[in-house]
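Student: I have the model open on my screen and would like to talk it through. Please start anywhere you like.

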Amino acid sequence: MATVSLTVFLRTEMKSGQIEDGAKFWGALFFSLINVMFNGMAELAMTIFRLPVFFKQRDFMFYPAWAFALPIWLTRIPVSLVESGIWIILTYYTIGFAPSATRFFKQFLAFFGVHQMALSLFRFIAALGRTEVVANTFGTFTLLLVFVLGGFIVAKDDIEPWMIWGYYASPMMYGQNAIAINEFLAERWSTPHKNSTVGKTLLKERGLYTEEHSYWICVGALAGFSLLFNVLFIASLSFLNPLEDSRPVISDDDSESNHNRQLASNAQLSPGSIVSVANSQSKKGMVLPFHPLSLAFNHVNYYVDMPAEMKSQGVEESQLQLLRDVSGAFRPGILTALVGVSGAGKTTLMDVLAGRKTGGYIEGRISISGYPKNQATFARVSGYCEQNDIHSPHVTVYESLLYSAWLRLASDVKKETRNMFVEEVMELVELNPLRNALVGLPGVNGLSTEQRKRLTIAVELVANPSIIFMDEPTSGLDARAAAIVMRTVRSTVDTGRTVVCTIHQPSIDIFEAFDELLLMKRGGQVIYAGPLGHHSHKLVEYFEAVPGVPKIKEGYNPATWMLEVSSTAVEAQLNVDFAEIYANSDLYWRNQELLKELSTPQPGSKDLYFPTRYSQNFVTQCKACFWKQYWSYWRNSQYNAVRMFMTIVIGILFGVIFLNKGDKLQQQQDLMNLLGATYAAVFFLGATNATSVQSVVSIERTVFYRERAAGMYSELPYAFAQVAIETIYVAFQTIIYAFLLYSMIGFDWQTDKFFYFYYFIFMCFTYMSMYGMMVVALTPGQQIAAIVSSFLLSFWNLFSGFLLPRPLIPVWWRWYYWGSPVAWTIYGVFTSQLGDKNIPVQLSNGETMEVNRFLKDNLGFDEDFLIPVVFGHIGWVFVFFFVFAYAIKCLNFQRR
């Protein structure tokens, strides 16, 4: 931004010494101040990120709050020196500020003070807000107050007397005064003008100080604010507690909950009891029948491109092989465990078989009940329970299942049947007590880890799949929770479905719940594939038959023993290769016979076929996606309630600050105040929409990746639903905001002017929200999206037409004025309200000019261009929407 600034405010275009030369320097100074101030906003996100650990350590009496805050303050001092120094070095002489070494270092000191103050302010706001949404809202509101009352957007003399306290309480005012005094009291601005000098006249127009010693007062005030905010930061850390309640949802039905606990306790009593408990529960036919399917795979290999790190260490191969000659079969009604040490390729094999890999090269044969696997049709008959349990946080458990069933069951299934099936699945997975509980975010609120696991399984079951993959369903659970989940898994298998799970170091009772095992060693090779037998006796017999392998001790966990005796260290000690032993065993050849049988279609059977790619048509997909987004937004009070509240507060605040400025048009400064009001009203709340929507879209995009991989819908219905619900809330937001501003600022009460005002504000908020969505869709994560969006917002701010009117922008940058959507909105609002006025206004040089002519000649606003500006807003909305939809469709930042 420093490089852009110096090309916009290039010294060859920056004349000095006259009143009319001041406009460009005001713009350059204020834009520099904005950037230095905004650079401190990154501190807010960093502090929010640190707070959970701090609160935990504080509560355990690790250290007092000041011991946490003081090092942060001290380590930021070099950061402020570097950032302020880079900006000053790049811009001071290239822009053409006062050519004096003393004034160079004084501006550097002022920017250092502003940056330190900003860092301290945002740290304090983060500690006060404690969550990202609340802190960002507080931060935006504070920034708005600080900027609007800082002396540039509205001159001091035009602030209402009873609001003048806000001017003196704004740290921005002291920064603005310091850099303006440093520039305009230089010798080159000392030309006499009306019993004063040009420099002092420019300062007086803005109501700023005109004495040289005031610079040091302002720098001292910035240091004082920095100290104050750090003290308040320490106080907030000392006395405030986290806002979020991380306790899981408690079951509503105590009796059923106690029954579940009893069953879970029983499941831990003896090996194999999970199976008996699951079998003891009543079995009945499901409402919707399904076709049992087997999955056979033979000689499967999987390669990825060689990582750059390994190439740099001298590895010459171009590909890295993760799976080597893997063969096996999964059959209906049989629960298969995929087991191996970390790095053995368990999840890799599951992803390859399920078609979830986004890259790499696959070799080998995979067949479904004898027919070659086709991923498009396979996604319709399979389910994949991811380890991370990804769900939309603001819908209930029942709604999550209803939504999945709506989009994944066949279109000919009636609504009543679908609802009955969902009820059956909830009963099977024991989710009835939690049906109205919000899902929440993992580890923050909502369901516990075990409850989320069961929801993940249920979400896949309501699709009525024939084959289900589960990636480590018991990871992160205690023994009781793991037993509950495994009982759910066992119940699923007993319906006749094909289920395969990856398991990492299972307990003895969980291991006994499985029927068959596929064991892998590091390097992606199979060392056992076959039945476990009662108390795993078949597995034990197989490995004990290998010479040198120690016998299992009585009561020892077979899973632990199996991993120990098949480790790399034991292989080296015994000088054997378990993969080679398996490949030469009778078990391997029996498996090959089974694979041959399962790879041949049964007589009279047909290959999987679906007439359409998705279960539901486009319109139904749109309805379902919108239905979920509607409930997600309705229950997301942190986002929408806070947004509406801030809209009302900011609307009233702006209305009070700019009260009746709309009909006060005697002087040029009155027009500039009104332009500042338009700029602030449009940019600040619009930018808030763009940043606050990013966290919402980022969470939903993670859910979208899972739902798209499951074949629930195409990309466009998702994009439509996300944009449609956001636009509805923006419309309500704009009604509140436009009415407050229009009535309090005092614009003419004419129907066409009010609707112009509403239209431009509404379109601005809409394209800003879509811009925020688009940036998230184009970037891998929310942090990168925030950086990219703030960079472009700075561009739009610079070329908005307020800091530097279009006629004053250098010709080589003037084209980008039309590339700033904010400039179109300010053009539309200002021209629609004042473009028809021909009353005279007194200019700063003493001359008079009609308002509409002043707008055209000095600001570049022409009333005849108003209709193209109206259509231009529609263009911006469609551009951001289509880029968002295209990015969602074509970019996948989830690497598997």
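**Strands, loops and one arginine**

Tutor: Let's start in a sheet: I468 stands opposite V499 in β10. Residues are numbered from 1 along each chain as its sequence is written, and this is a predicted model, where local features need pLDDT of at least 70, side-chain atom pairs count only at pLDDT 80 or more, and totals for chains, interfaces and linings use all residues. Side-chain values use heavy atoms, with hydrogens and water left out.

Student: Okay, how many bridges join β9 to β10?

Tutor: Five, and β9 (residues 467-471) runs parallel to β10. Two strands pair if DSSP finds at least two bridges between them. Strands themselves are DSSP runs of E with at least two residues, helices are runs of H or I with at least four, and both are numbered from the N terminus.

Student: What is the strand order in the whole sheet?

Tutor: Six strands line up as β8-β9-β10-β5-β11-β12 in an open sheet with mixed pairing. β8 (382-385) and β12 (525-531) are the edge strands with a single partner each, so one side of each has no neighbour in the sheet. Ignoring direction, neighbouring strands are turned by 15° against each other on average; the axes behind such angles are lines fitted to C-alpha atoms, for helices over the stretch in contact, and angles run from 0 to 180 degrees between N-to-C directions.

Student: And β5, is it mostly covered or exposed?

Tutor: Mostly covered: six of the six residues of β5 (residues 335-340) are buried. Buried is under 20% relative accessible area, exposed is over 50%, and partly exposed is in between, with a 1.4 Å probe and protein chains only. L335, A337 and V339 point one way from β5, while T336, L338 and G340 point the other way. In a regular strand the side chains alternate between the two faces of the sheet.

Student: Which strands does β5 pair with?

Tutor: Five bridges join β5 to β10 (residues 498-503), running parallel, and five more join β5 to β11 (residues 516-521), again running parallel. For register, A337 has C501 as its bridge partner in β10, and T336 stands opposite E516 in β11.

Student: Let's switch to the four-strand sheet. What is its order?

Tutor: That open sheet goes β4-β3-β6-β7 with antiparallel pairing. Its edges are β4 (319-330) and β7 (371-372), each with a single partner strand, so one side of each is left without a neighbour in the sheet. Helix α25 (residues 586-598) packs on the sheet and touches β3 (295-305), β4 and β6, where contact means heavy atoms within 4.5 Å. The direction of α25 makes about 100° with that of β3.

Student: How many bridges join β6 to β7?

Tutor: Two bridges link β6 (residues 361-368) with β7, and they run antiparallel. S367 has P372 as its bridge partner in β7. The loop between β6 and β7 holds S369, a residue with a positive phi of about 50° although it is not a glycine. S369 counts as partly exposed because its relative accessibility is 22%.

Student: Where else is there a positive phi on a non-glycine?

Tutor: R130 has one of about 70°, and R130 sits in the loop between α5 (101-129) and α6 (132-148). Most residues other than glycine have a negative phi.

Student: Another arginine, then: what does R76 touch?

Tutor: Leaving out residues up to four places away in sequence, R76 touches E43, M46, R50, Q116, L119 and R123. R76 is in helix α4 (residues 65-95) and counts as buried, because its relative accessibility is 10%.

Student: And L10, where is that?

Tutor: L10 is in the loop between α1 (2-8) and α2 (22-39). L10 touches T94, I95 and W812, again not counting residues up to four places away in sequence. The C-alpha atoms of L10 and T94 are separated by 6.2 Å, with their positions 84 residues apart along the chain. At 26% relative accessibility, L10 counts as partly exposed.

Student: Last one: what are the overall numbers for the chain?

Tutor: The chain has 35 helices and 14 strands, and its C-alpha trace spans about 105 × 60 × 55 Å along the principal axes. Of its 896 residues, 57% count as buried. Among contacts between residues at least 6 apart in sequence, 78% join residues at least 24 apart.
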